[in-house]
Amino acid sequence: MLYLLDYGAGNVASLANSVRKLGYEFKWVQTPEDIDKADRILFPGVGAFGSAMAGLRKRGFVEPLKAYIASGRPYMGICIGMQALFEESDESPEDKGLGIIPAKVGRFSSADKSVPCMGYNGATERRDIGDEGREAYGLGDGGDSYYFVHSYRVDATQPGVEDWSLTWTQYGDEKYVSSVQKGNVFGTQFHPEKSGAAGLAVVEAWLRSTDPTKGGKGMLDTSVKPLRPITDVDADLVRKGFTKRIVACLDVRANDDGDLVVTKGDQYDVREADDSATTADEHASGAPEESAATSPSAPVAETTLPTSTSTVSSDPSAPPPAKRQRQVRNLGKPVDLARRYYAEGADEVAFLNITSFRSCPLHDQPMLDVIRQAAETVFVPLTIGGGIRDTTDPDGTSRSALEVAGTYFRCGADKVSIGSDAVFAVEELLAADGAKSGKSGIEQISYAYGAQAVVVSFDPKRVYAASLDDIPAVHRPSAVDLSAPLASTPDTPLRADLGPKGEQFCWYQCTVRGGRETRDIDVVQLAQGVEKLGAGEILLNSVDKDGSKSGFDCRLVDLVRRSVGIPVVASSGAGKVDDFSEVFAVTDVEAALAAGIFHRKEVPIEDVKAHLVKEGVKVRRV
Ligand code: 1PR
């Protein structure tokens, strides 16, 4: 029997889904005795080295696991499941690893690149494994990309790893071990269950070869094959192996009939344009369109699913509404669209819950089902945002942001995205002169699940000024000149993008509650604050550009990208394929996200990727 090892970490559902999809049955390791009983073990390590080893120790799995590996039965470890094979990791020096591989895990240097490393990259064979080895491990023709998400890595030139290295990969200037194999042990630093078809081929190859009932002959030992020097491969080509990511984003909310739909706004207004009408939210609360997910003043009826939330009554005796209401734009069903984007080549899918389900207990949240169903067939990373904060169930049960996030991870989300609460946390950080409280959702989720699992979603708005002197002194250092090229690419012309009255400057003010409420901090303060608190990525929207199809706000993207060492996703304003090549050409941003043009099929993801390839930008092939 195949066993999957779960030590209470993040998203292990996706690997389970991929195994099921490939037609294999499995059991979860629940007790140390299960490890003894297993014929083969798959260890989907997620999160941090320290919490993984602590989780194994707490459950009494460490010694049985060592004995299992020593017995010669097949073992496949993914990410932390591979790193656990080493003696130790700089991530958590006090927690010893399984000590199977006589080397240690170190940290990526952030001098020349973003850390965590988050994205798709190739895997170059370290040995002459030939067609037989490639087939045994599902490694394809060498042109495939796999999803990596990690801050710690095994230096490929470290003594002790040569005997074990199956493939290596380059990120920035560093060459690291991307898969290991020796005897009955196989491990990948990348997540095959998040790498589309190329990754599923790796899982399938291992499952097939280790299954005697399907003719499997056991694991092929590639460690006996001749070693290739790392310098054999053109380093420049390999460096370019790290791809830019294209992210499809789904803003999800309840429409007026109570159905969960993907919607899309213009400057965050998600209702159909109709000047003579007003919004349901205006009827209900006197407030303009908003993200009910974060609004304490949101009407409860707006939040209730599956009960109808319509404010238009079918009761003939009910008083007519004061004004005709504008309908929430309905661009499709969340899971259907996510599947479509996966098939079309999206490198990631983000779901932003922009409605509120505050009358639902956490475990009945409709978005959990959306993630659960999407994760069954979408094998690229899934992010969920909206409402990741401390909440209270209707029965008074308190739910911490950590518990909310953990619930989504267990359904199949890889990352959670925090919006309003991140702004509040950074305000507190600034008020405390940079002293961390340890209590914010970002800190707690990052500590438990790793920085790579915590995205912060920014919703900034431009504040225009005719001169720098008109900008408050505290925000002046992060003001931008809207007529100048970018600091990172001063020789590349960038069109002027002046304010409505010809203003030459602006600063970017942070907002909360879906862009409704401005706060007195700027994007650079927010970016540096969330990085300090432990966020692993920034999803950078722009209220001004949202839905405009006028291109990304490259000045904003460059400003934020230069202020932090974590990856940034450019979002809002994509209207054509050139907008993607522009943002990648003039900024160092790692990924670009779009919503409206993908939903309306105006610009297919395939066209974006084909255009980027033509422009010399490396992207994942599908
Ligand atoms: O504050 O932690 O509950 O998170 C709320 C989340 O919901 C935040 O991530 C916030 O950005 C998002 N949100 C809230 N209200 C809206 C709204 O539209 N009314 N959506 C909203 C944000 C922007 C992007 C969009 C890009 C690309 N929408 O999600 O996908 O702008 O669009 P485009 O390519 O069509 O231009 P919390």
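Helices here are DSSP runs of H or I, at least four residues long, numbered from the N terminus. Keep in mind that you're working with a predicted model.

**Exercise 1. Look at helix 12: list its buried residues, then find what the backbone does just after it.**

Step 1. Locate helix 12, which covers residues 401-411.
Step 2. Pick out the buried positions: Ala401, Val404, Ala405, Gly406, Tyr408, Phe409 and Cys411.
Step 3. Now step just past the end of helix 12, where you meet Gly412 with a positive phi of about 125°.

**Exercise 2. Decide whether Cys79 is buried or exposed, and name its contacts.**

Step 1. Start with the record: UniProt lists Cys79 under "binding site", in an unreviewed entry.
Step 2. Find Cys79 in the fold; you'll see it in strand 4, residues 75-79.
Step 3. Recall the cut-off: a residue is buried if 20 or more other C-beta atoms lie within 10 Å of its own.
Step 4. Cys79 has 30 other C-beta atoms within 10 Å, so Cys79 is buried.
Step 5. Skip the neighbours within four places in sequence, and Cys79 is in contact with Gly45, Val46, His150, Gln189 and His191.

**Exercise 3. Describe the stretch that UniProt annotates as "domain: Cyclic nucleotide-binding".**

Step 1. Get the range: the annotation, from an unreviewed entry, covers residues 123-187.
Step 2. Check what that stretch is made of: 12% helix and 43% strand.
Step 3. Compare its two ends, whose C-alpha atoms are 13 Å apart.

**Exercise 4. Work out how the two domains touch, and which helix gives the most on the domain 1 side.**

Step 1. Split the chain into domain 1 (2-242) and domain 2 (389-605).
Step 2. Note the spacing of their C-alpha centres, 33 Å.
Step 3. Count who takes part: 18 residues from domain 1 and 18 residues from domain 2.
Step 4. On the domain 1 side, helix 1 (13-21), strand 7 (117-121) and strand 9 (146-150) each supply at least two residues.
Step 5. Helix 1 gives the most, with three residues.
Step 6. Sort that domain 1 side by type and you get six nonpolar, 11 polar and one charged.

**Exercise 5. Describe how helix 16 meets helix 17.**

Step 1. Find helix 16 (residues 554-563) and helix 17 (residues 577-586).
Step 2. Their axes come within 10 Å and cross at roughly 35°, and the crossing is right-handed.
Step 3. List the partners: Cys554, Val557 and Asp558 in helix 16 meet Glu582, Val583 and Val586 in helix 17.
Step 4. Sort these residues, and you have four nonpolar, no polar and two charged.

How values were computed:
Residues are numbered from 1 along each chain as its sequence is written. This is a predicted model: local features need pLDDT of at least 70, side-chain atom pairs count only at pLDDT 80 or more; totals for chains, interfaces and linings use all residues. UniProt positions are given in the numbering used here, feature names are shortened, and annotations may be inferred rather than shown by experiment. A residue is buried if 20 or more other C-beta atoms lie within 10 Å of its own, exposed if 12 or fewer, and partly exposed in between; C-beta atoms are placed from the backbone. Two residues are in contact if their C-beta atoms, placed from the backbone, lie within 7 Å. Domain bounds come from an automatic or database domain assignment. Ala, Val, Leu, Ile, Met, Phe, Trp, Tyr, Cys and Pro count as nonpolar, Asp, Glu, Lys and Arg as charged, and the others, Gly among them, as polar. Axes are lines fitted to C-alpha atoms, for helices over the stretch in contact, and angles run from 0 to 180 degrees between N-to-C directions. A crossing is left-handed if the near helix is turned anticlockwise from the far one by less than a right angle, and right-handed if clockwise.
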